[in-house]
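Please look through the sequence and the structure shown here before reading on. The paragraphs below are meant to be followed with the model open beside them.

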Amino acid sequence: MKKLGLIHEGKSMKVYATDDPERVVVEYKDDLTDSTGWRIGKVAGKGALNNRITNHLMQVLERNGIATQYIEELTDRETLVRSSEMIPIEIIVRNVAAGRLAQRFEIAPGTPLRNTILEYTYKNDELGDPDVNDAHIIAMGWTDRDTLKTIEKTALRINDILRRYMRMADIELVDIKMEFGHDAKGRLILSDEISPDTCRFWDMRNHEILDKYRMEDTSMHDLPAIYERIAERVLQMDIG
Ligand code: 5GP
């Protein structure tokens, strides 16, 4: 496999073509953005940790029968993945109230929910990733009804697998954001990353926040140590 030119640069990663059109190389960056996509600064080492955490969790999911983009970790911040046609929606699954859900209903972060909640946003930085429902998604043609049903079922299953897995490390998966695409063979696959940038992780031992939102009550400079801690706890567990 030969790494070729840059084909896309996102907020948290760069994507390079390879000599195989069905495969691309993703390279994780150290840049951190806030919830509106505004670039806050660099967090040294974050890209490498997110690369390793994502790859570990994607392998856990693969072992549990979920199709993901993961193929092979190449270096500390580069991974070979299946190229995919991305569906422009973000799927958020919530297990515990936090973030925008807690704000919207003025409930305390940490309030238990009687059932998991699945939400969608339209992935568009200029519009600030607006909330959408399944009717919007079908009406705009972002995907079809059957695919959306499969996405919903798969997202809930991914949440269940990862919630159980993280609990073995005494970490609560509070919520998670996922993105899906179709690979060259037309298979629906989990794409993007699964990391402390895209999930809320709370320490069940001492209730500490172990994700990017930690900077709200400390500072961005504390994040490398937080990402190190979550990586240590996740990576020491067996893949399955
Ligand atoms: P909230 O909607 O409460 O802001 O976020 C819910 C969950 O989805 C959090 O774990 C958050 O990190 C993740 N999330 C929501 N939107 C985005 C986004 O645009 N980018 C990233 N990286 N994560 C997001």
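What follows moves from the nonpolar cores to two helices and then to the ligand.

The coordinates belong to a predicted model, and a good place to enter it is the largest nonpolar core, which has 47 residues. Within this core, the residues with the most contacts are Ile-91, Ile-158, Ile-176, Met-178 and Ile-194. At least two core residues come from each of the helices α1 (46-63), α4 (145-167) and α5 (223-235), and likewise from each of the strands β9 (89-96), β10 (112-122), β12 (171-183) and β14 (199-203). The greatest contribution is that of α4, which gives eight residues. Because domain 1 (3-84) and domain 2 (87-222) both give residues to this core, it lies between them. Apart from it there is another core, of six residues, including Met-13, Val-15, Val-24 and Tyr-28. In soluble globular proteins, nonpolar side chains tend to be buried together.

To see how one residue sits in the larger core, take Ile-176: leaving aside residues up to four places away in sequence, Ile-176 touches Ile-91, Ile-92, Val-93, Ile-158, Asn-159, Leu-162, Ile-194, Thr-198 and Cys-199.

Three of those contacts, Ile-158, Asn-159 and Leu-162, are also listed among the buried residues of α4, where they are accompanied by Thr-147, Leu-148, Ile-151, Thr-154, Ala-155, Ile-161, Tyr-165 and Met-166. An α-helix has 3.6 residues a turn, so residues three or four places apart point the same way. The 23 residues of α4 should span 33 Å at 1.5 Å a residue, and the end C-alpha atoms are indeed 33 Å apart, which agrees. At its N-terminal end, α4 is capped by Asp-144, a side-chain oxygen of which lies 3.1 Å from the backbone nitrogen of Asp-146.

The helix α1 is mostly covered, with 14 of its 18 residues buried. From its first C-alpha to its last, α1 reaches 26 Å, close to the 26 Å expected at 1.5 Å a residue. After α1 comes Gly-65, whose phi is positive, near 85°.

The ligand has 13 residues around it, and those that come nearest are Arg-94, Arg-100, Asp-129, Asp-175 and Arg-200. An N or O atom in the side chain of Arg-94 is 2.8 Å from an oxygen atom of the ligand, whereas Arg-100 places a backbone N or O atom 2.9 Å from a ligand oxygen. A polar side-chain atom of Tyr-213 also lies 3.4 Å from an oxygen atom of the ligand.

Terms used. Residues are numbered from 1 along each chain as its sequence is written. This is a predicted model: local features need pLDDT of at least 70, side-chain atom pairs count only at pLDDT 80 or more; totals for chains, interfaces and linings use all residues. Side-chain values use heavy atoms; hydrogens and water are left out. A nonpolar core is a set of buried Ala, Val, Leu, Ile, Met, Phe, Trp, Tyr and Cys residues joined through side-chain atoms within 4.5 Å. Buried means under 20% relative accessible area, exposed over 50%, partly exposed in between (1.4 Å probe, protein chains only). Helices (H or I, at least four residues) and strands (E, at least two) are DSSP runs, numbered from the N terminus. Domain bounds come from an automatic or database domain assignment. Contact means heavy atoms within 4.5 Å. The expected span of a helix is 1.5 Å times one less than its number of residues. A residue is near a molecule or strand if one of its heavy atoms lies within 4 Å of it. A polar contact is a pair of N or O atoms within 3.5 Å; within protein, one must be able to donate a hydrogen and the other to accept it, and residues adjacent in sequence count only if both atoms are side-chain atoms.
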